[in-house]
2 protein chains.
Amino acid sequence: MANLEKPLSQRKKQILKAIIESHIANGEPVGSKYLMENKQIACSSATIRNEMAELEAMGYLEQPHTSAGRVPSEAGYRFYVDTLLEEYAITTKEIQEIHDMMSAKVGELDQILNMASKVASSMTHYTAIAVKPKTDQVTVDRFETVWIDSRRFLLVMVSSDEAVHSKTITVSADLSATDVLQIADALNRCVAGRTADEITLPVLMELESQLKNPALMTPVMKLVYDVMNRYDHGELNVTGLDRLLEYPEYSDVTELRQLIGTIENKEEIVTLVSEAEKDRNNVVIGSESEVKVMENSSLVFKPVIKDGKTVGAIGVIGPLRMDYARVLALLGTLTGSISEMLDGGTQPKLPKGEVNDDGTG
Amino acid sequence: MANLEKPLSQRKKQILKAIIESHIANGEPVGSKYLMENKQIACSSATIRNEMAELEAMGYLEQPHTSAGRVPSEAGYRFYVDTLLEEYAITTKEIQEIHDMMSAKVGELDQILNMASKVASSMTHYTAIAVKPKTDQVTVDRFETVWIDSRRFLLVMVSSDEAVHSKTITVSADLSATDVLQIADALNRCVAGRTADEITLPVLMELESQLKNPALMTPVMKLVYDVMNRYDHGELNVTGLDRLLEYPEYSDVTELRQLIGTIENKEEIVTLVSEAEKDRNNVVIGSESEVKVMENSSLVFKPVIKDGKTVGAIGVIGPLRMDYARVLALLGTLTGSISEMLDGGTQPKLPKGEVNDDGTG
DNA sequence: GTTTAGCACTCTTTTTGCCTTAGTGCTAAT
DNA sequence: ATTAGCACTAAGGCAAAAAGAGTGCTAAAC
């Protein structure tokens, strides 16, 4: 079990790499004879066996039972991803495919992300996810209101991260158009520019005194809090869940159930992705994550950056023997292509102007 | 196979009902002896066998193989649902449970529906869905604009179904606050009150002539079309997908894959539900639906009515041997409870006012 | 000292045959 | 019209046997 971080000989690396790649391709334990014959390793099967025994002692390989070939351990995959993996040379055809599918959807960020997840799933043959991460605390810098009818008005909030949020508020009291303007005034005076923490009781009392109709306090403030605190407490869109069933590792029903459960539940995965650093390749192998249920699965994802900020992520969930190289490459170009679409504020594709969703500026 | 619509004798009905209910409970083919012993049928197993043979000839039963018991056919389930089924007496405890879980979420329609789907799934032990049906074509009755910054403004649309939609529009040109007001003016003059079909080339030309900056035409009109045509082209939220795996009928991987695929794909199911009549109990048994892949599953759903209009639906997907009686009863009280919450426009729970999502006012 | 050939060993998987079981259909008696 | 009785059928379970795959180890070769 203990992996003492000894540097591996060149041949050990070669063998480990060959084993992992075979196993990724076939899903079956790989044996010494197979390696010798199919993987051009320049020594006999006996030598390979010796090397494998050592690799197993180091914790990189496992043996399902005495007379089976070897299977990579989590540590093995980790080592592979960190040091052995050769960059997958993405084909121009694949690039073309990505661009074709993506350019169809020049629209809201949500739509782009969901489309990207579709692309990711169909190109990698794994289940894909689009994540809108939890966002940090923001302030609302400007409030506007639009009168709708005597019972409803629209509250528009431009927040410090340049997002625009708007929500309809329904009240039981009668509202005039001027009432509604006055509400915006009061909010701009008392609340604008503050973080949630800075909205203390005195601030609220001041606000209440400025409102002609204090009955509005509750719904309005609820909304403001929502926007500032965790309006975006993350979203997760799943595509190609059925693809899990392509892999025999998910033929165990109870395990599959649990995994589908966690994916559907969203919370844990959103947290995991939200807490990731934005410039790394994020590869979570099995029990490396605290998400218990993912013990036999890997999650690979890549943030989508806009103007230097993480605005989303695209990821792929599959068995431990995921084709990391290809997935990483595809996610790379995919997120790159999205960032390109997003950056600069104006997209090159639409000549004149374009449309964004609420709150995604 | 041929079911000649002969009226069934009382005893045949009794036997058919007993078979179906046993099969729903156990999932196994049921035999004559079992029926006699456990279901209080006042005749010998031989007689039951004779009756079963006839019921099979009529198409209500099937036999997996020569020496197995009988299993209900789709026609059998249909007959059961239409004429045999006794109303399930929902317990006060269940009613309590529903109300408890639902009252936690007095909020937007979307949230209510999704919560309801959670409740439905957890109480029935089947996969549940919340559907927002496709809506008919609407007109936009009023436009408002809010200036955000030199490159963005918010377009607010109040549509004929009283929903409020708002979207940020980003443009490459510089915008002043007055530009933005002028856009609203132009839209109100040319487009307000028309259906999508009525927006013809002359109307568009008129609009363009009124816009100070014709570059805005494309994004603005795209948005307007979206709202009017199929902004709501239906939504489907799934809960408890993992519950499918509780039932042995889904242990066939390829079938399960297909079903999960269709559920995830949403389109077909949304259409199916959207086209349903609003006052019937909607029970789709296996291949009754045109959705190929649902051949071995049933879908039971019930619309959610607000002010006489269908605003959503809650449904349950499971194996053919679904506990129809209980599911129907639970969906009934569930949707009833939602309609109650929604009706009247203002919810009694919030004393002062409340918040609605965009477009669901 | 490393590599390799060879072989015994281990464990899994597949095959085979046999027996048991569940439930039927039919016939003849009630 | 009902029922008892019985022969018949197909599936499922079990155990022994056979086949297969791959290892670890030893002893020889480089």
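In this predicted model, 20 residues surround DNA strand D. The closest are A:Ser32, A:Met52, A:Arg70, B:Thr47 and B:Thr66. Sugar and phosphate make up 74% of the atoms of DNA strand D that come within 4 Å of the protein. By class, the surface near the strand holds 12 polar, 4 charged and 4 nonpolar residues.

Individual polar contacts reach several parts of DNA strand D. An N or O atom in the side chain of B:Thr47 is 2.6 Å from a phosphate oxygen of the strand. B:Arg49 addresses a base instead: one of its polar side-chain atoms lies 3.2 Å from a base oxygen. A:Ser67 uses its backbone, with an N or O atom 3.3 Å from a sugar or linking oxygen. Two elements give two or more residues to the surface near DNA strand D. They are helix H3 (45-57) of chain A and helix H3 (45-58) of chain B. H3(B) gives the most, with 4 residues.

Chain A is divided into three parts: domain 1 (10-84), domain 2 (92-134 + 234-342) and domain 3 (140-233). Domain 2 is written as two segments. The C-alpha centres of domain 1 and domain 3 of chain A lie 62 Å apart.

Helix H7 of chain A spans residues 177-190. Its 14 residues reach 21 Å from the first C-alpha to the last, close to the 20 Å expected at 1.5 Å a residue. The buried residues of H7(A) are A:Asp179, A:Val180, A:Ile183, A:Ala184, A:Ala186, A:Leu187 and A:Cys190. Seen down the helix axis, these buried residues fall within an arc of 160 degrees, so they line one face of H7(A). An α-helix has 3.6 residues a turn, so residues three or four places apart point the same way. The face of H7(A) turned away from the buried side carries the exposed residues A:Thr178, A:Leu181 and A:Arg189.

Chain B also offers two backbone details. Most residues other than glycine have a negative phi. B:Gln40 is not a glycine, yet its phi is positive, at about 50 degrees. B:Gln40 sits in the loop between helix H2 (32-38) and H3 of chain B. The residue is exposed, with a relative accessible area of 64%. B:His125 likewise has a positive phi, near 65 degrees. B:His125 lies in the loop between helix H6 (109-124) and strand E3 (127-132) of chain B. B:His125 is partly exposed, with a relative accessible area of 37%.

Conventions. Residues numbered from 1 in each chain as written. Chains lettered and ligands numbered in written order. Predicted model: local features only at pLDDT ≥ 70, side-chain atom pairs only at ≥ 80, totals over all residues. Heavy atoms only, no water. Domains from an automatic or database assignment. Near = heavy atom within 4 Å. Polar contact = N/O pair within 3.5 Å; in protein donor to acceptor, adjacent residues only side chain to side chain. Nonpolar A, V, L, I, M, F, W, Y, C, P; charged D, E, K, R; others polar. Expected span 1.5 Å × (residues − 1). Buried < 20%, exposed > 50% of the residue type's maximum accessible area, 1.4 Å probe, protein only. Arc of directions from axis to C-beta.
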